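Visitor: Could you walk me through this one?
Guide: Gladly; here it is.

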Amino acid sequence: MDLGTIEDVVIPSDRSELPPGNEGTAVIAGGTWLLSEKQDHLRRLVDITALGWPPLVVDDTGLDIAATCTIEALAAARVDRDWPATALFPQCATALLASYKIWKVATVGGNICMALPAGAMISLTAALDGVATVWAVDGTDYTVPVVDLVTGPHENSLRTGDIVRSIHLPAHALEARTAFRKTALSPLGRSASLVIGRLDRDGRFVVTVSASTVRPYVVRFDSPPRSVELRAALNAAIPDSAWYDDPHGAPDWREHISIRSALQVLEELS
Ligand SMILES: Cc1cc2nc3c(=O)[nH]c(=O)nc-3n(C[C@H](O)[C@H](O)[C@H](O)COP(=O)(O)OP(=O)(O)OC[C@H]3O[C@@H](n4cnc5c(N)ncnc54)[C@H](O)[C@@H]3O)c2cc1C
């Protein structure tokens, strides 16, 4: 839809051309959410897609995903490394309730910054120990784990004017075996629960619960736990108030299916 209050669209090709952030200015990436509803508080858009960031950069430390990498490009990524966890890329991409437009132009950074419980790029990057690099409004950079960047439904830890530049997935997580469970009320419906298990080469086991909770929760073990230990750890880590309540599922059902999925991914990876 047209945003009738916008007076200025800035398309920087370099960081030095970024205007100062303020409450009336928003970054636009794919624009799939920003242009989907009224934004009457906004006067200016800063289109970050002309900054020329390479979508995916592989090196020995892992994979850097540009915030502007599209969900389609990530889902189709083929990396010349023994990184079994890249199987999660198409699994998480297709977990989104994505129209053709969203698949083609929505970005990984936009999905994370939106901070919706059903943000499958959040699930993916939190599950793989993703760390975001942020361009701060004062010209400095800082890093923040994705699991801490997303703080609640439609809430993140970014300050006004901060721009997510990229997300780094470390090699140790990409080398892991993974298991994936999505549950929704209908076959193509919005995720009610998305659980990812990870078994690292050094034997560590990591489980990430998302979509069913207000933000992602990551629980770690030095080795695969017994079922009873996993259940207890999830109950301890996720407070009752964190199970999400919306038309895609009631909190008690979401808790039940998430813990069942976690036990399944443990069994699959053990
Ligand atoms: C029909 C429909 C279905 C949808 N289904 C889902 C779904 O299942 N799950 C889901 O999570 N979302 C869903 N969405 C919401 C949205 O389309 C996606 O989250 C999408 O991935 C957002 O990416 P984008 O690049 O289009 O973001 P944009 O619309 O460009 O931006 C989204 C928000 O993030 C901010 N932003 C974007 N990039 C950055 C950056 N690099 N740094 C700082 N801030 C930034 C913008 O200012 C804006 O506030 C849906 C939307 C529609 C219209």
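Visitor: How many helices and strands does the protein have?
Guide: The secondary structure comes to nine helices and 14 strands, where helices (H or I, at least four residues) and strands (E, at least two) are DSSP runs numbered from the N terminus. This is a predicted model, in which local features need pLDDT of at least 70, side-chain atom pairs count only at pLDDT 80 or more, and totals for chains, interfaces and linings use all residues. Residues are numbered from 1 along each chain as its sequence is written, and side-chain values use heavy atoms, with hydrogens and water left out.

Visitor: What does the C-alpha trace span?
Guide: Along its principal axes, the C-alpha trace of the protein spans about 55 × 45 × 35 Å.

Visitor: Switching to the ligand, which residues come nearest?
Guide: Of the 28 residues around the ligand (those with a heavy atom within 4 Å of it), V27, G30, G31, T32 and T107 come nearest.

Visitor: And which polar backbone atoms are at the ligand's oxygen atoms?
Guide: Counting N or O pairs within 3.5 Å as polar contacts, a polar backbone atom of V27 is 2.6 Å from a ligand oxygen, and one of G31 is 2.7 Å from a ligand oxygen.

Visitor: Which element gives the most to the shell?
Guide: Helix 4 does, with four residues.

Visitor: Why does the ligand lie between the two domains?
Guide: Because domain 1 (8–49) and domain 2 (51–172) both give residues to the shell around the ligand, with the bounds coming from an automatic or database domain assignment.

Technical notes: Polar contact = N/O pair within 3.5 Å; in protein donor to acceptor, adjacent residues only side chain to side chain.
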